[in-house]
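User: I should like to examine the reasoning behind several structural terms. Please set each value against its criterion.

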Amino acid sequence: MHDVEDAEREDIVTRIRELVADAYADVAVPIPRADRVRLAEELVYDVLGLGPLEPLLNDPEVTEIMINGPRQVYVERHGKLTLSTVVFDSTAQLRQVIDRIVSSIGRRVDESSPMVDARLKDGSRVNIIIPPLALTGPTMTIRKFSSERLGIDDLIRFKSLTHEMAEFLRACVRGRLNILISGGTGSGKTTTLNIVSNFIPDDERIITIEDAAELQVQQDHVVTLEARPPNVEGRGSVTIRDLVINCLRMRPDRIVVGECRGGEALDMLQAMNTGHDGSLTTIHANSSQDTMNRLETLVLMSGAELPSRAIRDQIASAINIVVQQSRLRDGTRKVMTIAEVLGVENERIKLQDIFVFKQTGVDPEGKVKGYFTATGIVPKSREHLLEAGEVVRLSLFEPSGG
């Protein structure tokens, strides 16, 4: 099938180039070859792709594309936002690109449904919002899907964490502790979840649940489930919560939820508390303690009429480790803390930091300076990990002192 599509594409590209050459042959003033090539490329992008966006989508350094109306297209490269040189000829051309994206997945965007989440063929996530809700014109945000498969060594090389932190996380995953990865927008939660999930042994059945499939779990025995939004008539939606409930009937060894952002948090916690240990998920929060408060709020969103104390007890007994990630002001992404959940004390969930990043300043180029260190606290879960056969060296937890 792909071979047929590729062959058809090549035929169309060749035909477009021929038509451009024929058109220029009749022009009295000679046109530079570079301009002819550029026009042919732009026509190919318009006919077969997403118009002016194609060069940005093909640029491996661009991780996010933000279109604020036809004349303003920002991109993120290496964690920094810059205004690109790409513009659309008109609002009509931008709307044409938007319609091409949404129609390819059987959706529509118009005044009756002016917001839509979609996914490109390569897995990139797209959010679209149009007037009258977006006052600057049709607005589109594309989070590009990275085909590059990163490993834990890459995170160490990027200075997102240390060898000691990686060794501890590996033991936690293999020892079947429940891990929550939290952080703000663009902090790299999904990337870290992808990498940490690689520590799951190959002989286990993994079920992943996501809004838009981004996870790249590399083991053989993986079942990927994706939520479905309502159709044009507003029917047929399948939520993350529906999928979590269904997945419990599929005999999972591990449940990996791309992001907890609603009532599914309660079902996830109940699964963790009833034998589905070793589960992984991410959550949107700005600190480890904030993560606990956010989880409590999400459980309340499920409609369960539970007292706060009962919810906190559920959270404290379900979650073992919280990995807090941040995108710093220089665009770098770092694991700021790895904390252990100890239980409920004085009506609050008690956490203790095992590893932290200590920021010491900013250099003249604006780069954040600092160092990772263990806090000196030996986690209570070490005993459980040793019982599970994981070697957890005491020396991992010795402070480094910068």
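Analyst: The answers below concern a predicted model and take the strands before the cores.

User: What makes β4 and β5 a pair of strands?

Analyst: Two strands pair if there are at least two bridges between them. Strand β4 (residues 115-119) and β5 have five bridges and run in the antiparallel sense, so the criterion of at least two is met. Within this pairing, D117 stands opposite N127 of β5. The two strands form a hairpin with five residues between them, and in the turn G123 has a positive phi of about 100°.

User: How do you know that β5 also pairs with β6?

Analyst: The argument rests again on the count of bridges. Five bridges join β5 to β6 (residues 139-143), and pairing requires at least two; therefore β5 and β6 pair as well. These strands are antiparallel, and N127 has T141 as its bridge partner in β6.

User: Why are the side chains along β5 said to alternate?

Analyst: In β5 (residues 125-129), V126 and I128 point to one face, whereas R125, N127 and I129 point to the other. Burial follows this division: V126 and I128 are buried, and R125, N127 and I129 are not. Buried here means under 20% relative accessible area, so V126 and I128 fall below that value while the other three do not.

User: What makes the largest nonpolar core a core, and which residues touch the most other members?

Analyst: A nonpolar core consists of buried residues of listed types, including Leu, Ile and Phe, joined through side-chain atoms within 4.5 Å. The largest such set has 40 residues, and L161, F168, I179, I321, I338 and F355 touch the most other members. Among the elements giving two or more residues to this core are α5 (152-157), β7 (179-183) and β15 (368-374). Helix α6 supplies the largest share, seven residues.

A second, separate core of 32 residues includes A227, V299, A316 and I319.

User: How do you know which elements the buried side of α11 packs against?

Analyst: The buried residues of α11 (residues 308-318) are I311, R312, I315, A316 and A318. Contact means heavy atoms within 4.5 Å. The buried residues of α11 pack against α9 (264-273), α10 (288-301), β13 and β14.

User: What share of the chain counts as buried, and what share of its contacts joins residues 24 or more positions apart?

Analyst: Of the 402 residues, 46% count as buried. Among contacts with a separation of 6 or more, 53% are between residues 24 or more positions apart.

Key. Residues numbered from 1 in each chain as written. Predicted model: local features only at pLDDT ≥ 70, side-chain atom pairs only at ≥ 80, totals over all residues. Heavy atoms only, no water. Buried < 20%, exposed > 50% of the residue type's maximum accessible area, 1.4 Å probe, protein only. Helix = DSSP H or I, 4+ residues; strand = E, 2+ residues; numbered from the N terminus.
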